[in-house]
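This report walks through selected features of one model. Please keep the sequence and the structure in view while reading.

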Amino acid sequence: MSEIAIVYWSGTGNTETMAKAIKEGIESEGGDVLLKRIEETRLDDIKDAKAIVLGSPSMGAEELAEEMDSFVSQMENEEMNDKVAGAFGSYDWGDGQWMKDFIDRLRKGGFKVVGDGLIIHLTPDEEGLERCRGYGGMILKEIK
Ligand SMILES: Cc1cc2nc3c(=O)[nH]c(=O)nc-3n(C[C@H](O)[C@H](O)[C@H](O)COP(=O)(O)O)c2cc1C
């Protein structure tokens with residue numbers, strides 16, 4: 001069982017690119033990561049991880065992808081809030097409200113959230129990828 005699980009939903013690949021760069025950041029600091037698409041993830045896969053890093057683009061009208069919304073509800077029901085949590089995702093025309101709401105929800109649920117979540121406009125460029133790697137490093141530090 002990996003110490004950190006990254007679970008994400010991505011329609012057109014931008015959030016997935018972020019997820020992979022966060023994984024690189026964790027691994028470059030010696031951390032052990034499970035990276036999974038949310039469609040293929042069960043709560044059992046993440047139950048022993050110390051940190052869970054959740055990725056969803058802004059969808060609907062400043063909302064989480066439905067799959068992420070229901071996954072987080074399951075986590076809340078199972079009281080998995082002893083974990084450190086990270087959050088990230090890509091957006092386009094909005095102002096990032098979906099991520100502010102997501103972070104509030106995780107904090108209210110008792111998770112120890114790292115930073116304020118990481119958002120990137122559309123496809124991350126090299127600087128964006130570096131921010132993702134850096135966020136991975138921050139999450140690893142939080143559990144060490
Ligand atoms: C149905 C739909 C709804 C969206 N709603 C928003 C939105 O409310 N705010 C926003 O900033 N971007 C919105 N977007 C843009 C996506 O967040 C953006 O294209 C993002 O890069 C997609 O990430 P992905 O490649 O990981 O799927 C929406 C896109 C789609 C397809």
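## An exposed loop residue

Aspartate 116 has a relative accessibility of 59%, so it counts as exposed, the cut-off for exposed being over 50%. The model is a predicted one. Aspartate 116 sits in a loop. That loop lies between β5 (112-113) and β6 (118-121).

Which residues does aspartate 116 touch, leaving aside those up to four places away in sequence? They are Met99, Ile103 and Arg107. Isoleucine 103 is 13 residues away from aspartate 116 along the chain. Their C-alpha atoms are 6.6 Å apart.

## Strand β1: buried on both faces

Strand β1 covers residues 4-8. Five of its five residues are buried, so the strand is largely enclosed by the rest of the structure. Buried here requires a relative accessible area under 20%.

The side chains split between two directions. Ile4, Ile6 and Tyr8 point one way from β1. Ala5 and Val7 point the other way. All of these residues are buried.

## Partners of β1

Strand β1 pairs with β2, which spans residues 33-37. The two run parallel and are joined by five bridges. Within this pairing, alanine 5 stands opposite leucine 34 of β2. Isoleucine 4 has valine 33 as its bridge partner in β2.

Strand β1 also pairs with β3, residues 51-55. This pairing is parallel too, and it has five bridges. Here the bridge partner of isoleucine 4 is alanine 51. Isoleucine 4 thus has a bridge partner in β2, valine 33, and another in β3, alanine 51.

## From β1 to β2

How does the chain get from β1 to β2? It passes through helix α1, residues 14-28. The resulting β-α-β crossover is right-handed.

## Helix α1 against helix α5

Two packed helices are described by the angle between their axes and the distance between the axes. For α1 and α5 (residues 126-143), the axes come within 7 Å. They cross at roughly 50 degrees. That angle makes α1 oblique to α5. The crossing of α1 and α5 is right-handed.

Which residues make the contact? From α1 come Thr17, Met18, Ala21, Ile22, Glu24, Gly25 and Ile26. From α5 come Leu129, Cys132, Arg133, Tyr135, Gly136, Gly137 and Leu140. Helix α1 therefore appears twice in this account: in the crossover from β1 to β2, and in the crossing with α5, to which it is oblique.

Technical notes
Residues are numbered from 1 along each chain as its sequence is written. This is a predicted model: local features need pLDDT of at least 70, side-chain atom pairs count only at pLDDT 80 or more; totals for chains, interfaces and linings use all residues. Side-chain values use heavy atoms; hydrogens and water are left out. Buried means under 20% relative accessible area, exposed over 50%, partly exposed in between (1.4 Å probe, protein chains only). Helices (H or I, at least four residues) and strands (E, at least two) are DSSP runs, numbered from the N terminus. Two strands pair if DSSP finds at least two bridges between them. A crossover is right-handed if, with the strands pointing away from the viewer, the path from the first strand over the helix to the second runs clockwise. Axes are lines fitted to C-alpha atoms, for helices over the stretch in contact, and angles run from 0 to 180 degrees between N-to-C directions. Angles under 35 degrees count as roughly parallel, over 145 as roughly antiparallel, 65 to 115 as roughly perpendicular and the rest as oblique. A crossing is left-handed if the near helix is turned anticlockwise from the far one by less than a right angle, and right-handed if clockwise. Contact means heavy atoms within 4.5 Å.
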